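Please work through the exercises below with the sequence and the model open side by side, and try each task before reading its solution.

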Amino acid sequence: MSEAARRHEAAIEQVWDRVRGTDRAIVVDSPPGAGKSTLVRELTRRLVAAGEHVPVVVQTNDQADDLVVALAAAGLRTGRLHGAEWTPPPRWPRDRVRTGTKLGELGGCDVIVGTAAKWAYVKAEDRVWPLGIIDESYQMSAAALVRVGHLFDRLLLVGDPGQLAPFTVADEHSVRSLATWPLDTAAGTVLRHHPDTPVIPLPVSWRLAPHTAPVISDAFYTRPFRAGADARDRRLDLHSLAHPALAQAAETGWALLELPAAHVPRTDPALVSVLADLTYQLVTADASTVDPSGGRPLTSADIAVGVVHRDQKAQVEAALQRLGVTGVTVDTANRLQGRQYEVVLAWHPLSGRRDASAFHLEAGRLCVLASRHRQACVVVTRAGITDQLHAYPAAEPVWLGTDPPQVDGWEANRVFLDRLAPFRV
């Protein structure tokens, strides 16, 4: 067993010891690709083996469906608590999973999985569990936690502190000054009101390679982590000529491709064209990936283009369609959370802007875009972001009685660009 694997196993055992103890709450901080979902499955399996019935709260239907499939495959009697409009995804294990819109329809299940929105309709009069597991607890808001917290005597909150925090499109200023901010994260709320809550970090990312993990760890996380893979176990091979940015990324895991500095509309046509061209070259480059499971061709499904806004997504998709490229994922950071690809092409949130607004400075947005890859990430942007950061320092108001974010977005952007400077094309 490698040193990284030993550290990972030690962290799991530390979490298990806490779960079997008396702590009212336990927080597990997980960097990208640290095996958070595997941890939830393993702890659930152990709790069921110990005779417990385990409720799991997730944030989206996709997360719930993926977890249910994995738990059922592990042989656990699993229930899926869902809304009236939910439909089973393709290849749903109907013979191994019980589904229902009400708790009473899931009798006999060892594990019950549902979204926070659905769990909010369960009444404490129906049942209170000794322990509840909240997955993606940094995506869950304090308001959502309040609606389900009374169902559990104790909580295990697992999540990635580098992800995007809950947000609203409404005017937040009327309530933002309250000490109990409804859009604080569930994990942050627990830590604020119960500062003695143990926090156990998972120390290893199994997704990021040794040459890419330090950039993400330095820029976006207060608790450092390392890569679990050996540098010799990851390789992206391009078997035909490709753009210098792709060649750079294949060799080092990173490339920073800068277009000439300019203030442009957020659907910057030149950036759209470059992203589409890079994607086309990847798809047609006869590329292959190598990892401990062996080598295989790089397919369209292995590639993602990460953008910031939905109109950028539409423009990139249209450009790829004109080039005849299909099967590549193009989506916003919000929708890419929790997903994983071999190669990611990322549109920098501050590219071509005249300002540096809080939305585009948010550390979680850039972190998500830059941490979805296993092999390589190409960050595409207009030049001049460093000057832009210094010209537009963070001007968001400081709200009395609230905690500052773990990672400042302005500083995270600065550090990220500093770390990518050696990979500029």
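The exercises that follow concern a predicted model, and each task is followed by a worked solution.

**Exercise 1. A five-stranded sheet**

Task: Work out the order of the strands in the open sheet of 5 strands, and find which are the edge strands.

Solution: Tracing the pairing across the open sheet gives the order β12-β18-β17-β15-β16, and the pairing is parallel. The edge strands are β12 and β16 (329-332), each of which pairs on one side only. Neighbouring strands of the sheet are turned against each other by 20° on average, direction ignored. At the β16 end, strand β15 (residues 303-307) pairs with β16 in the parallel sense over 4 bridges, and there Val307 stands opposite Thr332 of β16. Towards the other edge, helix α16 lies across β12 and β18, and runs at about 105° to β12.

**Exercise 2. Two helices in contact**

Task: Determine at what angle helices α14 and α16 pack, and sort the residues of their contact into nonpolar, polar and charged.

Solution: Begin with the axes: α14 (residues 363-370) and α16 (residues 409-420) pack at an angle of about 35°, and their axes are 8 Å apart. Next, list the residues that make the contact, which are Ala363, Leu366 and Ala370 from α14, together with Gly409, Ala412, Asn413 and Phe416 from α16. Sorting these residues yields 5 nonpolar, 2 polar and no charged.

**Exercise 3. The largest nonpolar core**

Task: Identify the residues with the most contacts inside the largest nonpolar core, and then list the contacts of Ile216.

Solution: The largest nonpolar core has 40 residues, and those with the most contacts inside it are Ile216, Phe220, Trp254, Leu389, Phe416 and Leu420. Among the elements that give two or more residues to this core are α8 (213-220), β12 (254-259), β18 (373-382), α14 and α16. Leaving aside neighbours within four places in sequence, Ile216 is in contact with Pro32, Leu208, Tyr221, Phe225, Trp254, Cys367, Ala370, Ser371 and Phe416. Apart from this core lies another, of 33 residues, which include Val15, Val19, Val54 and Val56.

**Exercise 4. A glutamate in a loop**

Task: Locate Glu136 in the chain, and decide whether Glu136 counts as buried or exposed.

Solution: Glu136 is placed in the loop between β6 (129-135) and α5 (142-148). The relative accessibility of Glu136 is 7%, and buried means under 20%, so Glu136 counts as buried. Once its neighbours within four places in sequence are left aside, Glu136 is in contact with Lys36, Gln59, Gln63, Val158 and Gly159.

Methods
Residues are numbered from 1 along each chain as its sequence is written. This is a predicted model: local features need pLDDT of at least 70, side-chain atom pairs count only at pLDDT 80 or more; totals for chains, interfaces and linings use all residues. Side-chain values use heavy atoms; hydrogens and water are left out. Axes are lines fitted to C-alpha atoms, for helices over the stretch in contact, and angles run from 0 to 180 degrees between N-to-C directions. Contact means heavy atoms within 4.5 Å. Ala, Val, Leu, Ile, Met, Phe, Trp, Tyr, Cys and Pro count as nonpolar, Asp, Glu, Lys and Arg as charged, and the others, Gly among them, as polar. Buried means under 20% relative accessible area, exposed over 50%, partly exposed in between (1.4 Å probe, protein chains only). A nonpolar core is a set of buried Ala, Val, Leu, Ile, Met, Phe, Trp, Tyr and Cys residues joined through side-chain atoms within 4.5 Å. Two strands pair if DSSP finds at least two bridges between them.
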